[in-house]
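Biologist: Thanks for sitting down with me. Could we walk through this model together, a few questions at a time?

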Amino acid sequence: MRTSCRGDRIMTTTRAVIVTFSCFLLLYSNEGTEAQQPPNGGPKTVNDLLNTTSCIEQPYTCPHPRIQYYLYTRATQQNPELLNTLKASSLYGSRFNASHPTKIIIHGFAGGRHLSPSTDLRDAYFTRGDYNIIIVDYSTLVKEPCLSQINWAPRFGAKCIAQLVDYLSNHPRGVPPDALHLIGYSVGAHIAGLVANYLNKGKLGRITGLDPTILFFMGNNRSHDLDPTDAHFIDVIHTGAGILGQWGPNGHADFYVNGGTSQPGCAQNSIFRTLSCDHTKVTPYFIESINSKAGFWAVPCPNQFLYYLGFCNPPDDQYVLMGEHISRKRIRQKSQVCGTSSSSCPHLTLQGTQPFLGSFVEPRSSLPSSKLAQVVKLLHCIRDVRNSNPG
Ligand SMILES: [Ca+2]
C-alpha cells in the first residue's frame, strides 16, 4: 500500500511535470498570431498553475459566460452575431441560413475568435462561398493552463458545445447534427470528439481534428478523446505526432503530413519553437486546402518506415485528397474493401476493429507521383547526409 501510494505520487508528479512542460509549449506556440506572452508575474511553478485566471468559476452550468458562440456569415464578417442557446429569438434574429454549410470552429491553447487559425479559417471559407461559421470562443480559459481542472475543463466545454448543437437541432431554422462539420485544433480536436458524449439526439456529420494534442489524453478510453465513433466521418491531420500531437489513429482517415512528426521550415534555434512549429503547422495546411486548386494528396501506407523507404508509391488513382475536400467516398470504399480483416490490410490491426487508412502526404503539385516520390527521396537523402555531417 505504501509502495502503491508512493507510486501514485510519483505518477502524479511526473504527469504534472509533463503537463506543465506541454502546457508551456502549447502556450508559447504561435497559434494566435496576435497571441501575447503571459505578463511578468504570471505562473512560474506547478503550484501557480493550480488556480489561475483560466480556471472556470462556478456555477458550472451551460451556457457559461466564458464559452461563447459567434456566428459569422458573408454578410456579417466584421460584425459577428453572438448566439444565445437559451433563446429561440437569437437564431431567428441572426443571418444563419440552413441552406448553407455550417462549420463550428474550436480553437486550442492561446486561441480565440480574433486569432489565427479561427480568423484564417473563417476568411478562407468566405473566399470560397456562403457558410455559417460559428467560432466557439473560450479564449479567457486558455490564456494559461489551469491544472486543477485539467481533465474536467475540456469535458465541460464539450458539454456546452453539445448544448449549442442541440439548440441548432431543435430550432425550426436550425440544422440537425449530421449537417454540422466541427473543426478542432489541438485540444479543440478532443473537445470536438467529446461533444458526442453529451448530445441528446443525433450524430455529428463530420469532425476534422487538426493535430489533436497528446496532452491530457494518453489512455485507452476512447470516450476521453477523439475517436471514430464520435461522428459519421472523422478525418485527422497529424503534423506533430508523438511530440505535442497524438500519434493516432483517431479517425476514419488519419493523414501524417511529411511523416507526421516533423515539418519543413520548422527547424528553429529553440527546441520549444521547433516542437510548437510542427504542431501549429497543421492549421495552414488545412486552411490552404479550402481554396487550393492543386490540393494535398495522400498515399496510403502501412507505416512511416515503409514510407521513408519509398515503398508507398501507388498509381495515381490510389491517391486521396486531404483537407476540406477530402476524398471521402474513396476512403469509404477502401475501408469497405479492407473491412476489418488483418490479412488484406495489415495496418487495421493497429486500430483494432475500426477502419483505418494510414496515409502519408506530400504536396503533389503538378509532378506525377513517381517523379514526386523520387524528389521526396532525394530530399530525405540530403537531409540525412546533412544530419550525419553537422559541421
Ligand atoms: Ca470519443
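Biologist: Leaving aside its neighbours within four places in sequence, which residues is Val136 in contact with?

Modeller: Happy to help, and keep in mind that this is a predicted model. Val136 is among the residues with the most contacts inside the largest nonpolar core. Once neighbours within four places in sequence are set aside, its contacts are Ile67, Tyr69, Ile104, Ile105, Ile106 and Ile161.

Biologist: Which helix gives the largest share of the largest nonpolar core?

Modeller: That core has 79 residues, and Ile161 is one of those with the most contacts inside it. The largest share is ten residues, and they come from α4.

Biologist: How are α4 and α5 placed relative to each other: parallel, perpendicular or oblique?

Modeller: Helix α4 covers residues 152-170 and helix α5 residues 187-195, with their axes 8 Å apart. The packing angle is about 55°. An angle between 35 and 65 degrees is neither roughly parallel nor roughly perpendicular, so α4 is to α5 oblique.

Biologist: How many nonpolar residues does the contact of α4 with α5 have?

Modeller: On the α4 side the contact includes Ile161 and Val165, and on the α5 side Ile191 and Leu194. By class, two residues are polar and one is charged, while the nonpolar ones number nine.

Biologist: Is Pro314 buried or exposed?

Modeller: Pro314 sits in the loop between α8 and β10. Its contacts, leaving aside neighbours within four places in sequence, are Val299 and Pro300. A residue with 12 or fewer C-beta neighbours within 10 Å is exposed. Pro314 has 12 inside 10 Å, so it counts as exposed.

Conventions:
Residues are numbered from 1 along each chain as its sequence is written. This is a predicted model: local features need pLDDT of at least 70, side-chain atom pairs count only at pLDDT 80 or more; totals for chains, interfaces and linings use all residues. Axes are lines fitted to C-alpha atoms, for helices over the stretch in contact, and angles run from 0 to 180 degrees between N-to-C directions. Helices (H or I, at least four residues) and strands (E, at least two) are DSSP runs, numbered from the N terminus. Angles under 35 degrees count as roughly parallel, over 145 as roughly antiparallel, 65 to 115 as roughly perpendicular and the rest as oblique. Two residues are in contact if their C-beta atoms, placed from the backbone, lie within 7 Å. Ala, Val, Leu, Ile, Met, Phe, Trp, Tyr, Cys and Pro count as nonpolar, Asp, Glu, Lys and Arg as charged, and the others, Gly among them, as polar. A residue is buried if 20 or more other C-beta atoms lie within 10 Å of its own, exposed if 12 or fewer, and partly exposed in between; C-beta atoms are placed from the backbone. A nonpolar core is a set of buried Ala, Val, Leu, Ile, Met, Phe, Trp, Tyr and Cys residues joined through C-beta atoms within 7 Å.
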